[in-house]
Amino acid sequence: MAIQRATRRQRDPERKQRILAAAAALGARHGFHAISMAGIGAEAGIVGSGVYRHFDSKDAILAAMLERVMDRLADRATEILAAGTRDAETLSELVRDHIQVAIADRDVLAVYHREAHTLPEKVRRSLRRRQRHYIEDWVHLLAPLREDLADGELRLAVHAAIGAIQSTLFFDSGLADERLAALLETMAHGCLGTTPTAKTSEYGFTDS
């Protein structure tokens, strides 16, 4: 008599990340609210109903995408600040890390800029609060390096530097990632009025 063995469906631990990556890619190309749950599933190689096992709506996907990239920036900033290096070195590492995210997660950040205003107010407030804290880390490091600047001028310099880095979200330069990163680093420090320090970490881009 043949023994029937019950088989349990294995949950794909990468499925949720595939959904987020697919939503970012489609959202960057077509606009997030022009795409459907079924389209996201198809892009991720998952049937539409499978998407709903992880997210109950497109808004939930959008919120998860944006919170994920903010988590990435904030967690790495905490590590860099905890290293206890000089202000100039720490600021240079924050610049390099933001460049890494802007290039590696270009689609997510592009959707962030275009669609964050559509999120529920509670989510928007949380993201804005975390953005402010992140920017304050930069301002705190820049202040002793640019004692010639008033408080508002320091914040303007930081916003200009981050804006220079994120210019790559809306313009495809066609440059290799390493060359693009080097140019963005120079431009960001130009906005800050500081000089990049020697690298303590590599960008780690793979050849495309």
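Thr90 is tucked away from the surface: it counts as buried, with a relative accessible area of just 3%. Keep in mind that this is a predicted model. Let's start with Thr90, then look at some charged pairs, and finish with helix α8.

**Thr90 and its surroundings**

- You'll find Thr90 in helix α5.
- Which residue does the side chain of Thr90 make a polar contact with? The partner is Thr85, side chain to side chain, at 2.7 Å.
- If you skip the neighbours within four places in sequence, Thr90 is in contact with Ile80, Leu81, Thr85 and Leu141.
- Why does Thr90 count as buried? Its 3% relative accessible area falls below the cut-off, because buried means under 20%.

**Salt bridges**

- Side chains of opposite charge can pair when their charged atoms come close.
- How many salt bridges turn up in a search of the whole structure? The search finds 13.
- One of them joins the side chains of Arg72 and Asp97, at 2.7 Å from N to O.
- That pair links distant parts of the chain: Arg72 sits in helix α4 (residues 58-82) and Asp97 in helix α5, 25 residues apart.
- Is Asp97 buried or exposed? Asp97 counts as buried, at 8% relative accessibility, while its partner Arg72 is partly exposed at 30%.
- Asp148 and Arg146 also meet through their side chains in a salt bridge, again with an N to O distance of 2.7 Å.
- In this pair, Asp148 counts as exposed at 54% relative accessibility, whereas Arg146 counts as buried at 16%.

**A salt bridge within helix α8, and a network**

- Asp151 forms a salt bridge with Arg155, and their closest N and O atoms are 2.4 Å apart.
- Both Asp151 and Arg155 belong to helix α8, where they are 4 residues apart, or about one turn of the helix.
- Asp151 is partly exposed at 48% relative accessibility, and Arg155 is partly exposed too, at 25%.
- Salt bridges with shared partners also tie Glu121, Arg124, Arg125 and Arg128 into one network.

**Helix α8 as a whole**

- Helix α8 covers residues 151-166, which makes 16 residues.
- From its first C-alpha to its last, α8 reaches 23 Å, close to the 22 Å expected at 1.5 Å a residue.
- Which residues of α8 are buried? They are Leu154, Ala157, Val158, Ala161, Ile162, Ala164, Ile165 and Gln166.
- What covers those buried residues includes α5 (87-104), α6 (106-115), α7 (121-142) and α9 (177-192).

Definitions and conventions:
Residues are numbered from 1 along each chain as its sequence is written. This is a predicted model: local features need pLDDT of at least 70, side-chain atom pairs count only at pLDDT 80 or more; totals for chains, interfaces and linings use all residues. Side-chain values use heavy atoms; hydrogens and water are left out. Helices (H or I, at least four residues) and strands (E, at least two) are DSSP runs, numbered from the N terminus. The expected span of a helix is 1.5 Å times one less than its number of residues. Buried means under 20% relative accessible area, exposed over 50%, partly exposed in between (1.4 Å probe, protein chains only). Contact means heavy atoms within 4.5 Å. A polar contact is a pair of N or O atoms within 3.5 Å; within protein, one must be able to donate a hydrogen and the other to accept it, and residues adjacent in sequence count only if both atoms are side-chain atoms. A salt bridge is a side-chain nitrogen of Lys or Arg within 4 Å of a carboxyl oxygen of Asp or Glu.
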